[in-house]
2 protein chains.
Amino acid sequence: MTRMITIALDAMGGDIGPSVTVPAAVETVARHDDLALILVGDEQTLRAELAQAGATEGERVRILHTTQTVGMDEPPAQALRGKKDSSMRVAINLVKDGGAQACVSAGNTGALMATAKYVLKTLPGIDRPAICTTIPAVKGHTYVLDLGANVDCSAEQLYQFAVMGSVLVGAVDNRPRPRVGLLNIGQEDIKGNDQVRGAAQLIEASDLNYIGFVEGTDIFLGDVDVVVCDGFAGNVALKTMEGASKTIAHFLREEFHRSWLTRLSGLFAMPVLNALKRRIDPRKYNGASFLGLGGIVVKSHGSSDAVALQTAIEVARLEVEKAVPARIDSQLEALLARRATA
Amino acid sequence: MTRMITIALDAMGGDIGPSVTVPAAVETVARHDDLALILVGDEQTLRAELAQAGATEGERVRILHTTQTVGMDEPPAQALRGKKDSSMRVAINLVKDGGAQACVSAGNTGALMATAKYVLKTLPGIDRPAICTTIPAVKGHTYVLDLGANVDCSAEQLYQFAVMGSVLVGAVDNRPRPRVGLLNIGQEDIKGNDQVRGAAQLIEASDLNYIGFVEGTDIFLGDVDVVVCDGFAGNVALKTMEGASKTIAHFLREEFHRSWLTRLSGLFAMPVLNALKRRIDPRKYNGASFLGLGGIVVKSHGSSDAVALQTAIEVARLEVEKAVPARIDSQLEALLARRATA
């Protein structure tokens, strides 16, 4: 008998909420025999959505009733102090108490991070958790962290991100020695700020597979597996990528709509355009991992639809299967040992 | 009689050098009756290239002989100290001495910035110059600065960038009150680091048309004219944009090459694809302005071809016509006055 994986889903989270989270849960459970989901949120609403999706509560889709919801713009501190029965908080509590092995939420990122840190604590050796996601590359995909949890990062923190990213990719993509690069504004040793140069020394001295400084363009080439940066740079990179892609798609649409002839050629090119769309579909890259916590928390994009949310649940499922936090924890022991002797 | 604009061109600069710079010079001069270019570099090589381009030395295309060239990877300090007769240095000297009103170079960015700062000095009130360029947006284009000259920036420096960017756009795009945004990782006041939050206060208190925090996605929307950030974030944004565009172009090519049917549809869609290519052609956005110096210096991309370099010369020409440094200088008086009373 395969071991069951149980994931707690913040069923009230996200811009849309239960009408997205419930169908996504039902769909994902149908795809995996070893998966159970706990829908955390308002019982009545969730039950209605389950009926809507043609499903009923059962062994593998359970409802856990909560009375509160964290608003998408609510200050994290307020959510943490005032919303102890929120769907988000209770979903994370389940991970802490062993009722679930991971939590997925499309809710308020700041509140999710603050609550996860408070409830699950950071692993020994980690100053602050990081947010990590994949980005499509010409060959395969690239993991980037941090994406916004840590605005100012010390060299030591960047080094911790490198360790965590490396472990994640090694586990989830079955890559024995993931190539780690440090995001910088040039590849020469003298480039960048003190933190980046300091991190380069730390990572170089470690047993990580460090390939040196990389630039924004390198994120997309597939020659690096893990790109490490502070949360400011990572967030700027992620959102610039989103903006650039949308702009090109917009221009392409405009050019195909110029005349009846271009419209016709657009019709003819539709299969290709759809293939491109599928290939860079952000829903396929949804699900950002909070790394460095004593449990698995995956953040789904706030505007996720059911397809995107399913991807995020899959990310969490894989991290449970590969025991990512335990692997990070054991990898960190070397780091802690070195610190103790330093 | 129109006043003549004279621009000094570092004719040896760039990955390719004279075989690009000379034809670009000849072309640009042919387009503007009021433009003269001084080709700075090895006389013999440049004369041969002029002949190749079917042109001869004359009033409007002159050659100024120099004996040295700055290498693309040469450390800036070494170029500054050891290459006093380089094409780059002499071109900048011309701006200082009044022999030219602007300098354009596709050479080593670090050396160009160091030399320009040393020779032309920064304007009173400016701590360090910034690099600024335009990026295509859904509506029009957006100016972003700094793009890599300043890795760590204080709130005060970011404020100076806002002033300079605003003046540039006001002058060059004839926009009376350019909308200025500060690049951040969220739009809420609490987001970002101390420098960004501090800069927000300074800009808000100024008479700039400040619209608040913007994110990476906003660079492309056309709802902000000037995006202000430190050189690390700006460089990451610029290179991520380049990488994302190239990746999408690569995917599109791959999808059109899948089968004879998709190839055929690609042939049929060629006019549209070419129109898109023209629209996001990086050569159209070439020419980064060094702002905050006592003279006009425009950096052309190292890999510029003749078309790209022409764009950079046009940028310099427009800045001369609009007297950008003088405008920045007068705008800075208010800033200096405030500092004096503080």
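In this predicted model, Asn174(A) adopts a positive phi of about 55° just after helix 6 of chain A. The helix that precedes this residue spans residues 155-172 and has 18 residues. From its first C-alpha to its last, helix 6 of chain A reaches 26 Å, close to the 26 Å expected at 1.5 Å a residue. Of the 18 residues of helix 6, 17 are buried, so the helix is largely enclosed by the rest of the structure.

The division of chain A into domains gives a wider view. The domain assignment places residues 1-122 + 292-322 in domain 1 and residues 127-289 in domain 2. The contact between the two draws on 22 residues from domain 1 of chain A and 18 residues from domain 2 of chain A. Between the C-alpha centres of these domains the separation is 26 Å.

How much area is buried between domain 1 of chain A and domain 2 of chain A? The value is about 1,400 Å², and carbon and sulfur atoms give 59% of it. On the side of domain 1 of chain A, the residues that lose the most area to domain 2 are Met113(A), Glu319(A) and Lys322(A), which together make up 30% of what that side buries. The count of salt bridges between the two domains of chain A is one. As for individual side chains, those of Asp305(A) and Arg283(A) meet in a salt bridge, with a distance of 2.7 Å from N to O.

A single residue, Val40(A), may now be considered. Val40(A) belongs to strand 2 of chain A, which comprises residues 35-41. Is this residue buried or exposed? Val40(A) has a relative accessible area of 0% and is therefore buried, the limit for that term being under 20%. Leaving aside its neighbours within four places in sequence, Val40(A) is in contact with a set of residues that includes Ala8(A), Leu9(A), Asp10(A), Ala11(A) and Met12(A). Also among its contacts are Leu46(A), Leu64(A), Thr66(A), Ser87(A), Val90(A), Ala91(A) and Leu94(A). Val169(A), by comparison, lies 129 residues from Val40(A) in sequence and 29 Å from it in space, C-alpha to C-alpha.

The final topic is the relation between the chains. Two copies of a chain are related by a rotation about an axis and a shift along it. Here a turn of 180° and a shift of 0.0 Å along the axis lay chain A on chain B with an RMSD of 0.0 Å. That is the relation of a two-fold axis. Moreover, 100% of the interface residues of chain A are also interface residues in chain B, so the copies meet through the same surface.

How values were computed. Residues numbered from 1 in each chain as written. Chains lettered and ligands numbered in written order. Predicted model: local features only at pLDDT ≥ 70, side-chain atom pairs only at ≥ 80, totals over all residues. Heavy atoms only, no water. Least-squares fit on C-alpha atoms with pLDDT ≥ 70 in both. Contact = heavy atoms within 4.5 Å. Helix = DSSP H or I, 4+ residues; strand = E, 2+ residues; numbered from the N terminus. Buried < 20%, exposed > 50% of the residue type's maximum accessible area, 1.4 Å probe, protein only. Expected span 1.5 Å × (residues − 1). Domains from an automatic or database assignment. Buried area = accessible area lost by both parts, 1.4 Å probe. Salt bridge = Lys/Arg side-chain N within 4 Å of Asp/Glu carboxyl O.
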